[in-house]
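Please work through the exercises below with the sequence and the structure at hand, trying each task before reading its solution.

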Amino acid sequence: MASKFERFASAGKGNGLRATHEIHAGELLYTAEPLACCVSNTCAKDFCHSCFSRRKTLLRCSQCKVARYCDVTCQKQAWSDHKRECKCLRSLHPRIPTDSVRLAARIIFRLLSPSQTSPGLCSLEEHESHLCDMGEERREGLSQLSSMLQLYIQQEVPNITQELPTVDPLSLLAKLTCNCFTISDGELREIGVGLYPSMSLLNHDCRPSCVMLFEGETLHLRAVRDMQPAEELTISYIGTLAPTRDRRTQLEEQYHFTCQCQRCTTADMDPMMLCGEEKAWAPLREAIPRLENWQTQAYWSELLYECGSLLDPLDGDVPAVPDCNVYRLRVIDLALDACINLAEWDKALAYGTITLEPYRQYYPDPHPAHAIQLMRVAKLQHFLVHLGDAQHTLRLAYDIMKVTHGNQHPLTSDLIRKLEECRAELDRA
Ligand SMILES: [Zn+2]
Ligand SMILES: [Zn+2]
Ligand SMILES: [Zn+2]
């Protein structure tokens, strides 16, 4: 792939990437394989540890009983990366180290066999650890992880300072917290973590010019708007469906910088995101972590009941919160997810439909989260035989996905097939 961008020193932000040619929205700019990656512990039983596909039944590695694969082919393919890890996992059984420790170990094993690593735009040594910007508590947490890491790899790498003098376990883990990427599936559910060194050069913007999408563990970087030469390529490190204060706090805590992007300095979306009276939406904001916990644990009935009472409080004195308030919107999304899992289709469609207008306003540029939301609603409309609506929603989703996912992505093909089905059914009706 002929590169249309280059590394440069971005004012006030360290290194960055900028366009060297004119770039068009939807262009695939880069495809990268990770230096190392692993499936998250939370979904270790549902995804192949080699190709990252979701499967109902997976073969389990008979030795460590942790790694899982589609078939023997996937297992063979993964063996060079899993061989040393397998021994380490066995040594700790039944304990399984955290995702960041497993990823760090995989990076160390990679670095010990340097023939497998190819030079990119940026090497791991150049990544910043931000150790000195961290509070005492963060550092303490990291040093515990570092002890865990050394215990975990002990059998394979008994003395890391001797074998890899350039790698300090503590700073490696610190580098990972601000440089590794979450690998998600087509529907943006988190499946793993990976390190893609060249992509760590991308700086953050709350209204980014590019998005990252994954196919298995392969990363694709696409432009979501037209760019001129010298314009900086940016991505968003965080979910942007949040008011300025929340976004800045998250970026400061996790990435150690104060965002000065245009959306943060103008706070242009805040009046809409925080609309309604604070005393009315504060309970929604406070409830979100608890509700998200129920979502992770799949307590769908409890989740739906709680969302329902938060969205329609019986207390008549509480003023109504508009649907575009981001905290209310988040609760509606959680309710939608609960309804889908409880097969309450009509209710799911009602919740889903409410979200579409706020999503349209909050994502002025093509964004995968917007496309996925439209897809969810379109599937419900199709299932409930609202064929005209389904066709309309699918078209809106397609207009975004051809930019964010590209026409070759399996999810886009899936969408095109759905659109054809819908057209055929409408013709018959
Ligand atoms: Zn597989
Ligand atoms: Zn194993
Ligand atoms: Zn910002």
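The exercises that follow concern a predicted model, and each task is followed by a solution in steps.

**Exercise 1. Strands in an open sheet**

Task: State the order of the strands in the open sheet of 4 strands, and explain why one side of β1 and of β9 is left without a neighbour.

Solution: Begin with the order, which reads β1-β2-β12-β9, with mixed pairing. Next look at the edges, where β1 (5–10) and β9 (203–204) stand, each with a single partner strand, so that one side of each has no neighbour in the sheet. Then follow β1 to strand β2 (residues 14–19), with which β1 pairs in the antiparallel sense over 6 bridges. Within this pair, Ala-9 stands opposite Asn-15 in β2.

**Exercise 2. A hairpin**

Task: Describe how β10 and β11 pair, and find the residue of their hairpin that takes a positive phi.

Solution: Strand β10 covers residues 210–215, and 5 of its 6 residues are buried. Its pairing with strand β11 (residues 218–223) is antiparallel and runs over 6 bridges, and the bridge partner of Met-212 in β11 is Leu-221. The hairpin has 2 residues between the strands, and Gly-216 takes a positive phi near 65°.

**Exercise 3. Two sides of one strand**

Task: Sort the residues of strand β4 by the way they point, and decide whether they are buried or exposed.

Solution: In a regular strand the side chains alternate between the two faces of the sheet. Applied to β4 (residues 36–39), the sorting puts Ala-36 and Cys-38 one way, and Cys-37 and Val-39 the other way, while all of them are buried. As a last step, consider the partner: β4 pairs with strand β8 (residues 190–195) in the antiparallel sense over 4 bridges, and Val-39 stands opposite Gly-192 in β8.

**Exercise 4. Two helices in contact**

Task: Describe the crossing of helices α10 and α11, and say which kinds of residue make up their contact.

Solution: Two packed helices are described by the angle between their axes and the distance between the axes. For α10 (residues 300–311) and α11 (residues 326–341), the axes come within 9 Å and cross at roughly 145°, and the crossing is left-handed. Among the residues that meet are Trp-300, Leu-303 and Cys-307 in α10, and Val-331, Ala-335 and Cys-339 in α11. The residues of this contact divide into 12 nonpolar, 2 polar and no charged.

**Exercise 5. An annotated stretch**

Task: Find what the UniProt record says about residues 48–86, and describe the chain there.

Solution: The unreviewed UniProt entry carries the annotation "domain: MYND-type" for these residues. Over residues 48–86 the chain is 38% helix and 10% strand, with the end C-alpha atoms 15 Å apart.

Notes:
Residues are numbered from 1 along each chain as its sequence is written. Chains are lettered from A and ligands numbered from 1 in the order in which they are written. This is a predicted model: local features need pLDDT of at least 70, side-chain atom pairs count only at pLDDT 80 or more; totals for chains, interfaces and linings use all residues. Axes are lines fitted to C-alpha atoms, for helices over the stretch in contact, and angles run from 0 to 180 degrees between N-to-C directions. A crossing is left-handed if the near helix is turned anticlockwise from the far one by less than a right angle, and right-handed if clockwise. Two residues are in contact if their C-beta atoms, placed from the backbone, lie within 7 Å. Ala, Val, Leu, Ile, Met, Phe, Trp, Tyr, Cys and Pro count as nonpolar, Asp, Glu, Lys and Arg as charged, and the others, Gly among them, as polar. A residue is buried if 20 or more other C-beta atoms lie within 10 Å of its own, exposed if 12 or fewer, and partly exposed in between; C-beta atoms are placed from the backbone. Two strands pair if DSSP finds at least two bridges between them. UniProt positions are given in the numbering used here, feature names are shortened, and annotations may be inferred rather than shown by experiment.
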